[in-house]
Number of protein chains: 2
Amino acid sequence: MAKLKLQHVTIIGAGLLGGSLGLALKRVCPGVHVAGVGRRQSSLDQAIETGAIDSTHLDAAAPASRSDLIVLATPVGAFEGYLRAIKPHLKRGAWVTDVGSTKSAVVRTAARVLGPAGPFVACHPMAGSELKGARFARADLFDGALCILTPTARTPAWAMSRARSLWTALGCRLARMPPAAHDRALARVSHLPHALAALLMMLPTDRDLAVAGPGLRDMTRLAGGDAEVWRDIFLTNRAGLLEAIDQLDEYLMHLRDLLEAGDGAGVERLLELARRRRAKRLGNNSNSLPPSRQRL
Amino acid sequence: MAKLKLQHVTIIGAGLLGGSLGLALKRVCPGVHVAGVGRRQSSLDQAIETGAIDSTHLDAAAPASRSDLIVLATPVGAFEGYLRAIKPHLKRGAWVTDVGSTKSAVVRTAARVLGPAGPFVACHPMAGSELKGARFARADLFDGALCILTPTARTPAWAMSRARSLWTALGCRLARMPPAAHDRALARVSHLPHALAALLMMLPTDRDLAVAGPGLRDMTRLAGGDAEVWRDIFLTNRAGLLEAIDQLDEYLMHLRDLLEAGDGAGVERLLELARRRRAKRLGNNSNSLPPSRQRL
């Protein structure tokens, strides 16, 4: 399946991700009609203006009844309500996917609403930013991004095949993981870092922030993300995030002990281990990040 | 004092900061001789190659005896040894400064070695990067950077005046703080963020890192910094960093409680508070940081 044959798609949630998906679909599927569903007409109007969607709907039932594909792109907490709303209206051969950042709860919800072998494939295209709204949507947002698919044993093969074709056509590299493994990994590489970015903004006083440098700006960039989206991510990955918090806390208390003991060799060993790990696994900074002199 | 009248300067430590200082001095002080002191000839040779220094020395005594200005640019833990080495050789009218990231311990050390009213002005130009070595030195590294001066009641007025002229000539904006206030603020906006960047690299497995996105890369950039430099910063600001660790731990445990209780409203409130605080105090992301699709 090199080509995508989609005539009518419904995107529920017309924010940065939903809007970008609309733009990207129109690039690889000329002639496709993209229906946008949302809570607020103003957000939908923004998505219409950027050309991300072709029609706006406050109710998902009507557009879903005409669609080959329905994509959930709202905060994860709203998925269940929308799945219940579209279920009675799904066409034969239609399938449903999502772009949520947690997968175990999503997969459980979809199985409960659409049935364990329902036409649903849970997906996590790892693209986006802390910017909010369809006005920041980009047709190339998914280009080169990793998309993690988390099917279950009961996910229909035909739907899985369509999911693969969809994200490949949009330029993604694909990976496949069990939902629980996805959530544990993401807790450590994304959800905990996001939580720390927010907590780091709570400590400094206004006077402290006057002497902040680019380091703090980089480290708190994620704290600019939408609070509702991240509330849902945190709540639907509570187990993973709690485990990551406890792991971090152990390291934090270890560092605290080293400092209290004045153990310079121990502190240096820890920092050197982290530095090497980063150089090896996340590549060298010197290619991508010139010495920064940027002031806040 | 609009012009800098320096004929001979010794920079102890020929890394990124020391090397950049040499290049910057040559720009505003044509004809100045910059002597470079270091532990390793190879680092000094690198600084000679980039044009940051004019002569290399493994012993500080001789160049210090000829200098109008001596700058400490090694890891903070090496300051005391160098201060003792140069003290007997200081010319009349010569003064000493530093570029260290912690100030209370540095000020105490300088007072102990050079005397409480010795010709020393503690300075923290907030520039640099995680890159290491004079080969990354830049003449404009200090341009537009904030330089925090932390004089004491006994710091000689003439030396303070020269410190102001020096950093102003190099393009810095100046601020003045008591050493202890500097260290408490920097613990929250720089030293704790640095520690967390390192700890965040310790949690994920290699498999986890395969699904890491640009968020983790940004959040761990500081972990690429030199382990010895940061060991000394942590050890010379133990009180400030311990306080910041304890404050963060309180917030972390608060978030943990909210998650365990499934308190979505509480989680959202915390995230929204952090988001607003960042938007207000660290400016808007949308100007400087486009939606990132960069893969690790």
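Are Trp230(B) and Phe234(B) buried or exposed? Let's work that out, along with two more exercises.

A note first: this is a predicted model, where local features need pLDDT of at least 70, side-chain atom pairs count only at pLDDT 80 or more, and totals for chains, interfaces and linings use all residues. Residues are numbered from 1 along each chain as its sequence is written, chains are lettered from A in the order in which they are written, and side-chain values use heavy atoms, without hydrogens and water.

**Exercise 1.** Place Trp230(B) and Phe234(B) and classify their ring pair.

*Solution.*
- Both residues are buried (under 20% relative accessible area with a 1.4 Å probe, protein chains only; exposed is over 50%, partly exposed in between).
- They sit four residues apart, about one turn, in helix α10 (residues 227-236) of chain B (helices are DSSP runs of H or I, at least four residues; strands of E, at least two).
- Rings pair if their centres lie within 6.5 Å, with planes under 30 degrees apart stacked, over 60 edge-to-face and the rest tilted.
- Here the centres are 6.0 Å apart and the planes at 75°, so the pair is edge-to-face.

**Exercise 2.** Count the aromatic pairs over all chains, then examine Phe142(A) and Trp167(A).

*Solution.*
- The count comes to four.
- With centres 5.6 Å apart and planes at 65°, the rings of Phe142(A) and Trp167(A) are edge-to-face.
- Phe142(A) lies in the loop between β7 (123-125) and β8 (146-149) and Trp167(A) in helix α6 (residues 157-169), all of chain A, so the pair ties together parts 25 residues apart in sequence.
- Phe142(A) has a relative accessible area of 1%, and Trp167(A) has 0%.

**Exercise 3.** Find the buried residues of α6(B).

*Solution.*
- Ala159(B), Met160(B), Ala163(B), Ser165(B), Leu166(B) and Trp167(B) are buried.
- Just after the helix, Gly171(B) takes a positive phi of about 95°.
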